[in-house]
Amino acid sequence: MNLLLLGSGGRECAIAWKLAQSPKCEQLYIAPGNAGTSAYGQNVPIKVGEFDKIADFCLQHQIGMIVVGPEDPLVNGIYDYIKGNERLAGIRVIGPSKAAAQLEGSKDFAKGFMSRHQIPTARYRSFNAEQYDEACRFLEELQAPYVLKADGLAAGKGVLILPTLDEARRELRLMLDGMFGAASATVVIEEFLSGIECSVFVLTDGQHYKILPVAKDYKRIGEGDTGPNTGGMGNCSPVPFADDEFMQKVEERIVRPTIAGLQQEGLRYQGFIFLGLIRIDRDIQQYHAGDPMVIEYNVRMGDPETEVVMPRIQSDLVTLLEGVADGNLDTKTLEVDPRAAVTVMLVSGGYPGSYAKGKVMTGLDHELFTQGTVAPADSARHSILFHAGTARNDAGQVVTAGGRVIAVTSYGSDRAAALAQSMRGAQLIEFEGKYYRRDIGQDLAAWD
C-alpha cells in the first residue's frame, strides 16, 4: 500500500520512521516533509492545506491511506473533503472529521463536551468582547493564578497564566480585542489546576481504542522549568507517576467517556486523541489529590511527544492504523518496548523568540546515530534523530529551518541511562546558536 503522510515537523519525522518499518508500506510520501523525512520516503512539495493538490496526488500515486500529522488540516476538514469526494472515497484517512476536530479547534466546544459527559476538568466559562464586564466578575470568583485560553487555534500560543487579577483583566481585554486574531474572539477562563502533567495518547476507530505509551513533556525553555513556554524541549516515557492506579482512573473516567461521548454525539473519529492531563495535588470539586483531570484535548499526536512514543511502540503501525480505518482496532495487538526513552530537542539560539535560519548542521552522520528505520537493539550504542525544523540548502547541506531543529531520542534501561545517551547525541550535533535542556526527566526521580 502507498501511504501519504501530511506534515513537516518532528512529529511527522517520527511517524514516517515508524510507518516505513512496516512491510505493508510499499511507498511512503511525505507532504511537505523536511530534511530528515526523506530518509524514510519521498518528500513532495505540497502544503498540508492544499486539499485539491493532495487529492490529485493521491489519485496519481494510488494512495491507499492518508495519515494526517498536524491539527490545521483536520480542523479545516480534510477528512470530510477526502471522504466526500467519490474519486477518493476508498482512501483510508487517519484523523477525525471536521466536527470531531473541534475538540482541539475550539476550547469552548471541548470544555462543553467534557461537561456534557462528566469528564473531570477545571471549572470554566467562555466570554466574547461584549461580555467583558461579566468575564471580569467571573475572574473575581477565582483564585490566582488565572488561566485565559483563546478559543481557536493560535499556534500553541493562545494560553496565558497570569499571577494577578489586574494582569488577568488587562490581558483579557487585549485577547478579546484581537491579540490572537479571530482565535481569541472568544476567550475561555478557567480555574487553575495545580499538580504534575503528563500526555496520554489514545488510538481509536471510534468505538475501540488502544492507550499508547504515556509521555511527559517539558515546555519551558530553561532548565528547572524556567523561562517562557516553547513548543516542547523534550520528553520522557514511561512516566512513573502514571502508575496502574492512576491509569485505571484515566481509562474509566476520561478515555471511555470520551469515546462514548463521540459516539453519542455522532462525531466521526478515526485517529489519535491527545489527552493533556494533570495529576492534581489537592482536592478540587469532587476529585481528590492524585486524581487525573483533563487540561486539553488535541486531535493528533503531540510534538515532541511523538518522538518518544513512536520508538516505544513495537507493533506494526500500519496494521494498527488499518484497524483504526476499518473499525476493527480491537483485533489488533499493541506491544510496547519495556525500555525507557528520552527525547532531547535541540533548538535555535533565541527561540522561542526571534532566531536565525539557514545555519549549517554537522555531526548528523556520526556512528552513534542509527540510519534509516532500524530501531536500536543496543541502547548503549545508538540514538535516533528526528528532524523538526530542518531543510537542505542549494549545496545539499542540512540547515536549520525552524525554532525547534532536531530531536535526539535514546533508549535506556532506565530514564537516567536514556537521558545520558541523548546528551551524548546532543553534544555531537553542531550548528550556530544550538541550545538544549540537560534535565529532561530529572524531576521525576522522586516518583521512582
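Q: Leaving aside neighbours within four places in sequence, which residues is E322 in contact with?
A: This is a predicted model: local features need pLDDT of at least 70, side-chain atom pairs count only at pLDDT 80 or more, and totals for chains, interfaces and linings use all residues. Residues are numbered from 1 along each chain as its sequence is written, and side-chain values use heavy atoms, without hydrogens or water. Contact means heavy atoms within 4.5 Å. With neighbours up to four places away set aside, the partners of E322 are M1, K24, M65, R92 and N328.

Q: Which helix holds E322?
A: Helices (H or I, at least four residues) and strands (E, at least two) are DSSP runs, numbered from the N terminus. The helix with E322 covers residues 317-326. It is α11.

Q: Does E322 count as buried or exposed?
A: Buried means under 20% relative accessible area, exposed over 50%, and partly exposed in between (1.4 Å probe, protein chains only). E322 has 13% relative accessibility, so it counts as buried.

Q: With which side chain does the side chain of E322 make a polar contact?
A: A polar contact is a pair of N or O atoms within 3.5 Å; within protein, one must be able to donate a hydrogen and the other to accept it, and residues adjacent in sequence count only if both atoms are side-chain atoms. For the side chain of E322, such a pair lies at 2.7 Å. The partner side chain belongs to K24.

Q: How many of the 10 residues of α11 are buried?
A: The buried residues are L317, V318, L320, L321, E322, G323, V324 and A325. The helix is mostly covered. Of its 10 residues, the buried ones number eight.

Q: Which elements do the buried residues of α11 pack against?
A: Both kinds of element take part, helix and strand. The helix is α1 (10-19). The strands are β1 (2-7), β4 (63-68), β5 (92-94), β10 (195-204) and β16 (271-280).

Q: Which residue caps the N-terminal end of α11?
A: The cap uses a side-chain oxygen, 2.9 Å from the backbone nitrogen of V318. Just after the helix, G327 takes a positive phi of about 80°. The N-terminal cap is D316.

Q: Which residue with a positive phi follows α6?
A: Helix α6 covers residues 107-116. Its buried residues are K107, A110, K111, G112, F113 and M114. The residue that follows, with phi near 55°, is Q118.

Q: In which loop is Q62 found?
A: Most residues other than glycine have a negative phi. Q62 has a positive one, near 50°. At 68% relative accessibility, Q62 counts as exposed. Its loop runs between α2 (51-60) and β4.

Q: What is the phi of D225?
A: D225 lies in the loop between β13 (220-222) and β14 (226-229). D225 is partly exposed, at 37% relative accessible area. Its phi is positive, near 55°.

Q: Which residues does E223 touch, not counting those up to four places away in sequence?
A: E223 is in the loop between β13 and β14. At 37% relative accessibility, E223 counts as partly exposed. E223 touches Y435, Y436, R437, R438 and D439.

Q: Which residue is joined to D303 by a cis peptide bond?
A: Most peptide bonds are trans. The cis bond after D303 has an omega of about 20°. Its partner lies in the loop between β17 (292-298) and α10 (306-309). That residue is P304.

Q: What is omega for the peptide bond from S237 to P238?
A: P238 lies in the loop between β15 (234-237) and α9 (244-264). The bond is cis, with omega near 0°.

Q: How much space lies in the second largest pocket?
A: On a 1 Å grid over the protein atoms alone, a pocket is an open set of points where a 1.4 Å probe fits, with protein on both sides within 12 Å along at least five of seven lines; lining residues have an atom within 4 Å of a point. Grid points are joined across faces, edges and corners, and a volume is the space filled by probe spheres set on the points. Among the 19 lining residues, A35, L364, Q371, H387 and R392 lie nearest the centre. The space is about 300 Å³.

Q: What is the radius of gyration of the protein?
A: The protein has 12 helices and 22 strands. The radius of gyration is taken over C-alpha atoms, and the globule rule is 2.2 Å times the number of residues to the power 0.38. That rule gives 22 Å for 448 residues, and the protein comes close to it, so it is as compact as a globular protein of that length. Its radius of gyration is 21 Å.
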